[in-house]
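Please open the model in your viewer and keep the sequence panel beside it, since this tour moves from one selection to the next. At each stop you will be told what to select and what is there.

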Amino acid sequence: MMIKQFLFVLVTLVGAPIVGGLLFGIDRKITARMQGRYGPPIIQPFYDFFKLLGKEHIAVSKLQFVWIYGYLVFMIASLIFLVMKSDFLLLVFLLGFAGVCLVLGGFSTKSPYAHFGANRELMQILAYEPVLLLLAIAIYAQNGSFLISEIFRQDKPLLFTLWPLFLAVLYVLTIKMRKSPFDISTCHHGHQEIVKGVTTEYSGPYFALYHLAEWYEIILLLGIISLFWTNPLWVGILIALAAFLLELFIDNITARMTVGWMVRLSWSVGLILGIINIAYIYYTKGVS
Amino acid sequence: MGLIQRSRVKSPWILHFDNSSCNGCDIEILACLTPLYDVERFGMVNMGNPKHADILLITGPVNRRTARVLKNLYEQVPDPKVVVCVGTCASTGGVFHNCYNVLGGVDKVIPVDVYVPGCSVRPEAIIDGVVMALQKLAKL
Amino acid sequence: MAIAILLPVAAGFLVLAVRNYYVRNIIVITTAIVLIANSILLSLRGPFTYTPGGFDWGLLITILDYAILIFYLYVGISLRNWLVLIFALTQILPLAYFEFVMKAHIEVAPAFVVDHLALVMTMVISIIGSLICIFALRYMYDHEHHAHIEKSRQSRFLFWLVLFLGAMNGLVFANNLVWLYFFWEVTTLCSFQLISHDRTKEAIHNAARAVWMNSTGGTAFILAIIYLYATQGGSSALSVQSLIGGGIQSSVAVLPIALLCYTGFTKAAQMPFQSWLLGAMVAPTPVSALLHSSTMVKAGVYLVLRLAPVYAGTYLSVIIAIAGAFTFFATSALAVSQSTGKRVLAYSTIANLGLIIACAGINTPLSIAAAILLIIFHAISKGLLFLCAGTIEHQIWSRDIEDMEGLAAKAPLTTLITAIGILSMFLPPFGMLLGKWIALEAAYTVPLAAVFFVLASTLTIVFWTKWLGRLLQVLPKIERPFEKLSLSYSVPLWTLLAGIFVVGIGVGPIYQNFLRAATNDVISGNQIIALGLNNLILITPSFMQRDILGLFPVWPLYLILIVALLLPLLLIGLKPTELRPVYMCGEQTGGTDTDEWLAEADRKTKLQLGGYYYQSILGEKRVNPWANAIAILLLVIMLGCGVIVI
């Protein structure tokens, strides 16, 4: 039993970045096709990664390394928590720690662009964190436990009772995937916002680590979405992939908006959806 | 070619810097990024940040103020890097090489790998120049 | 036990008499060591009760009560502060009525009850309080040195500081409500003296505000005592234990409990009373660390927590939970807009106290355990942060966060300790987050409280990270030697830092052997299991017949923390040739570590970065009106629940 779990975790650790990188490559390809171009090959992210690994080792401050490693390790820890079907609330807090590490990495140098990027990233955290925490509480309200393993034991998928929160989580996905209209603190290749925002002062191997963490993150986020339909799991994974494609579509039809708009939208719509959901479950199910 | 060398050729990230050009070459460089020429299919991305770049695409003749800026940016780009001068002005100073504030071409300030002549340079020539630079990069 | 209460009093008077700096230090350090050892020994001994005999302590306490209240009258008159005057009168008159008209003869046995919860509190008070007193030794010396004060008033300061420890110990041991009221008033008096220590106009004004706000609480306390004595028949009703033992069903009306909770709210500076705590930040830092974060304000939450079983299951409990949660949310929002370090810490303290009160209001075994864990971890972390703020203040002689920018270059050691302190307030796997995690998992019983918890948690992330970021912003440079800190500063700082890790990593066994009993003292039916040494598992009651509510692997998370942050810090090096300047569009002048750039016409400009404070959205002017209004409404409802007896 322990060996099986250990092997599962190992497969995730090795496989998740590969699948994540491929997803990013597919992202660029489909975006390109939507824009009437050919686009880079699907394995382009891996070329980027290895090129960055081969760059010269330069830095602006020693603390940069600490925070980017923190970002990567806590992202991996969150993914392991998901895979081992552990406590969902703690997973959200670990994800929060990863986000904080990224922000502090931006703050660890006296660079104007990194400074702005870090503040905006903090505002992004302000926008999406309440929704994830409300999701954790709603899962508890529905299942009676915060454990992810409990979600798998249910007959009825979470999507039926938690669909308002599912919509709110789609907002979160847009923010975390750094897609328009929420690609405010830093964004992916080709787009610039305040140069590169949080990642401006990172280069070479440490920037490669940032990409690696992003690949883990996309798998983690899609994993969270697939929790909405765990019985059978392949339906959940399909829903996650559909959400991913929806994000690409939204990215290409919207323009970048302001930080204030993002926080206002997330706190009004996201919170209201979450509160309505929890209130509904509270009044229909009662409480312990 | 090793994995890293192959990746360098397949994923060249660009820093585009304009010294004091008339913007003619700049427009052509931007045209390369449009769907008509689509250099992104070769993995080329216009990063605005020297710390993320491999290839410097430089336009315009160098004057005293931009010499300082160019040197600063060049030092911030991590190795291995290649420098491509786009346009006659960047290569030699062009029609402005005798002006009182112009120092000449980019090679007066930083080492250059590829010169792409033209006024203004056609996008196909720019892509040609970058491919030559990539071959140099692969050997670094 | 007498040592815990009387030794600080004696030591305080001794310190007052001694003028020599070094003798004073020795006295304080000795007192500290004895106090710490005493509290540990008491805890090992276990719970007990005690009634002092041989002397009419009741008479002494009554006389001292009147002395304190008459002093407040004097303060009110001399400062022309009518509020102080009025609320001193509203305490003296009912007290006199109680004494003379009702001819109350109070005999409560046992007078002191020391159960597990009291033992936890006294350990917190003794250990953390003593460390802060040691910090104060050098701090006050530097403080007076910097301000060029001629006549040293350090003796006075240390007298009140040490005396206060005795009063707090008495407070948590007391079973007799009248004696508890006495100790309560002594702590208010100490607070007044210490806040006004600097004798500036602002300090005295703020100290007076602290007095009148706490006096409203004192008034409520006396009214509660009178009500209980009159309706429950006799002094047996004034025993805290009999209150708890009786429970709400046995004809104990809710009104006195509501009044006592109101008293707790004022002491813990909940909204709308938060202004006295913020005003108290003008005092020297040891005062803020000891009184206004680790200990005195904990007396307020201690009272509310102690009374939790009495109001369990009533609407009063729900309102307390909502009021606490609302304070948590509103003050976290306000903290985002503050640019003075100590004000951020003050708002954060009030916020966490609101969280603890909300846990008491939610009133399930899980939430009570969360409350106790939060009390301990908050005392350690916040005490450490206030001491760090004091250390920083004595290095850059400013309290403003904007002046702390780039502190990692000027004072790397202090920044390191402050950084760990800040991270320990809101991130896994540290103890504060553990407490908050348990609180969130228990909060669904009062869903509105859960929603406020969620919003407030997010806001805490924002303001802590913002502050830590300002500390870390440095220019590219390699050599940063650690600065030297005097022993009086560094011993408390390192001890508290070690405490965060030791108590955090060992929280499993500590809970199993010690805190579980404390939880049971308040409410029985425990729901946390510490498996082995490293897992905290929350078990649920029969809600949906699930076994496990939540899981927190303590040691694995600390291991991940070390791998993520400590290993890179230690193992990765940076050579000088690898340093590059920051990206300023190439416009920099000078070398790699310059922050000057050339603007228009080659004008040399310094790079200036400012923090974001969102004053227009979250500033006090915007938030206070509606937040105070809602808080007052909640208080009215709370007292109304008491009157209508539901």
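Which are the buried residues of H5(B)? They are B:Ile126, B:Gly129, B:Val130, B:Ala133, B:Leu134 and B:Leu137, where a residue is called buried if 20 or more other C-beta atoms lie within 10 Å of its own, exposed if 12 or fewer, and partly exposed in between, with the C-beta atoms placed from the backbone.

Before going further, note that this is a predicted model, in which local features need pLDDT of at least 70 and side-chain atom pairs count only at pLDDT 80 or more, while totals for chains, interfaces and linings use all residues. Residues are numbered from 1 along each chain as its sequence is written, and chains are lettered from A and ligands numbered from 1 in the order in which they are written.

**Stop 1: a helix in chain B**

Select residues 123-139 of chain B, which form helix H5; helices (H or I, at least four residues) and strands (E, at least two) are DSSP runs, numbered from the N terminus. The 17 residues of this helix should span 24 Å at 1.5 Å a residue, and its end C-alpha atoms are 25 Å apart, which agrees; the expected span is 1.5 Å times one less than the number of residues. Now look down the axis of H5(B): the buried residues fall within an arc of 145 degrees, so they line one face of the helix, the arc being that of the directions from the helix axis to the C-beta atoms. On the other side of H5(B) you will find B:Glu124 and B:Lys139, which are exposed. To see what the buried residues pack against, add helix H1 (3-10), H2, strand S3 (55-59), S5 and strand S7 (114-116) of chain B to the selection.

**Stop 2: a strand and its partner**

Next, select strand S1 (13-18) of chain B. Because 5 of the 6 residues of S1(B) are buried, this strand is largely enclosed by the rest of the structure. S1(B) pairs in the parallel sense with strand S2 (residues 45-46) of chain B over 2 bridges, and two strands are said to pair if DSSP finds at least two bridges between them. Within this pairing, B:Trp13 stands opposite B:Val45 in S2(B).

**Stop 3: backbone details in loops**

Stay in chain B and find B:Asn23, in the loop between strand S1 (13-18) and helix H2 (24-32). Although B:Asn23 is not a glycine, its phi is positive, at about 80 degrees, and with 14 C-beta neighbours inside 10 Å it counts as partly exposed. Then move to B:Pro80, in the loop between helix H3 (64-76) and strand S5 (82-86) of chain B, where a cis peptide bond with omega of about -10 degrees joins B:Asp79 and B:Pro80.

Chain C offers a cis peptide bond from C:Met271 to C:Pro272, with omega near 5 degrees; look for C:Pro272 in the loop between helix H10 (254-267) and helix H11 (274-279) of chain C. Further along, C:Ala601 lies in the loop between strand S6 (596-598) and strand S7 (604-606) of chain C. Phi of C:Ala601 is positive, near 55 degrees, in a residue other than glycine, and with 5 C-beta neighbours inside 10 Å C:Ala601 counts as exposed.

**Stop 4: chain A as a whole**

Show chain A alone, which has 11 helices and 0 strands. Its radius of gyration is 19 Å, close to the 19 Å that the globule rule gives for 288 residues, so chain A is as compact as a globular protein of that length; the radius is taken over C-alpha atoms, and the rule is 2.2 Å times the number of residues to the power 0.38. The C-alpha trace of chain A spans about 60 × 45 × 40 Å along its principal axes, and buried residues make up 61% of the 288 residues.

**Stop 5: where chains meet**

Finally, show chains A and C together: 55 residues of chain C are in contact with 59 residues of chain A, contact meaning that the C-beta atoms of two residues, placed from the backbone, lie within 7 Å. On the side of chain C that touches chain A, H21(C) gives the most, with 14 residues. Bring in chain B, and you will find that its contact with chain A takes 27 residues from chain A and 19 residues from chain B. H2(A) gives the most to the side of chain A that touches chain B, with 6 residues.
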